Amino acid sequence: MTDETTTPAPKSGQWIRQAVDFGALLAFAAAYFITRDMIKATWVLVIASSLALATGFLVEKRFAPLPLITGLFALVFGTMTIVFHDESLIKIKLTVQNALLAVVLLGSLPLNKSPFKYLLGDAIRVTDAAWRVLTLRYGLYFATVAIANELIWRTQSDGTWVQFRVGLFILAIVFGLLQIPFIMKHLLPTAGEPGPTTPDPGL
């Protein structure tokens with residue numbers, strides 16, 4: 001167990017960033033259902049992702065690791081989708097992103113490493129044993145999302161995939177809320193009350 005103390009990130013900053021991310025996702029979905037054009041909706045995604053990253057930096061005075069990673073994924077895959085005019089790239093982005101996170105988290109368990117602690121930064125402060133449990137839970141969640149995304153985008157319509165993407169954000173918030181009782185039981189003495197740490201930090 002570590003005795004290191006740090007100042008937790010303000011919960012207001014977490015909520016603001018999640019609200020911005022959800023707003024950006026809704027803008028992407030709205031753009032698709034208005035235009036029925038995935039490429040045009042991807043333009044909205046790229047712009048919204050840039051704004052979400054900028055807002056996160058302004059609120060927290062830094063780039064939080066997990067939102068930064070997913071934001072960069074959105075920018076890279078979104079730009080590739082526009083340049084190559086291939087809408088499958090923006091769909092597979094969710095698979096690649098979540099599969100990579102799953103491999104990193106689940107692969108760290110046998111090595112007794114905790115990259116998840118770094119990815120979440122100061123969002124929560126729990127015991128090392130609790131970090132292992134959370135790493136397993138979130139790693140399995142990311143793996144499940146990667147598999148589900150592959151099944152949805154390869155077999156369903158664009159509209160169904162966009163609905164799945166919006167529903168996934170809501171599911172992620174529920175998943176984060178369900179972890180709070182476990183986190184509360186294993187908080188370090190100097191840690192404050194945690195907010196929901198969702199496994200879906202943005203587009």
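**Salt bridges and core of a predicted helical model**

Q: Which residue forms a salt bridge with Lys91 with the closest N and O atoms 2.3 Å apart?
A: This is a predicted model, and in it Lys91 pairs up with an acidic side chain at 2.3 Å, N to O. A salt bridge needs that gap to be within 4 Å, so 2.3 Å qualifies. The partner is Asp158.

Q: How many residues apart in sequence are the parts that Lys91 and Asp158 tie together?
A: Start with where each one sits: Lys91 is in helix H4, while Asp158 belongs to helix H7. The pair therefore links two separate helices. Along the sequence, the parts are apart by 67 residues.

Q: Is Lys91 buried or exposed?
A: The relative accessible area of Lys91 is 6%. The cut-off for buried is under 20%, so Lys91 falls on that side of it. Asp158 gets the same label. Lys91, then, is buried.

Q: Which residues are linked with Asp158 in a network of salt bridges?
A: Besides its bridge to Asp158, Lys91 meets the side chain of Glu87 in a salt bridge at 3.5 Å, N to O. Glu87 is partly exposed, at 28% relative accessibility. With Lys91 taking part in both bridges, the residues networked with Asp158 are Glu87 and Lys91.

Q: Which helices does the salt bridge of Asp128 and Lys117 tie together?
A: The side chains of Asp128 and Lys117 meet at 3.3 Å, N to O. Both residues are partly exposed, Asp128 with a relative accessible area of 32% and Lys117 at 29%. The parts they join are 11 residues apart in sequence, with Asp128 in helix H6 and Lys117 in helix H5.

Q: Which residues touch the most other members of the largest nonpolar core?
A: Nonpolar side chains tend to be buried together in soluble globular proteins. Here the largest nonpolar core has 41 residues. Helices that give two or more residues to this core include H1 (11-35), H4 (88-108) and H5 (115-120), and the largest share, 10 residues, comes from H7. The members touching the most others are Phe116 and Leu134.

Q: Leaving aside neighbours within four places in sequence, which residues is Phe116 in contact with?
A: Contact here means heavy atoms within 4.5 Å. Leu134, the other residue named with Phe116 for touching the most core members, is on the list. The full set is Leu105, Trp131, Leu134, Thr135 and Tyr138.

Q: How many helices does the chain have?
A: Reading from the N terminus, the elements run α-α-α-α-α-α-α. The strand count is 0. That leaves the helices, and the chain has 7.

How values were computed
Residues numbered from 1 in each chain as written. Predicted model: local features only at pLDDT ≥ 70, side-chain atom pairs only at ≥ 80, totals over all residues. Heavy atoms only, no water. Helix = DSSP H or I, 4+ residues; strand = E, 2+ residues; numbered from the N terminus. Core = buried A, V, L, I, M, F, W, Y, C linked by side-chain atoms within 4.5 Å. Buried < 20%, exposed > 50% of the residue type's maximum accessible area, 1.4 Å probe, protein only.
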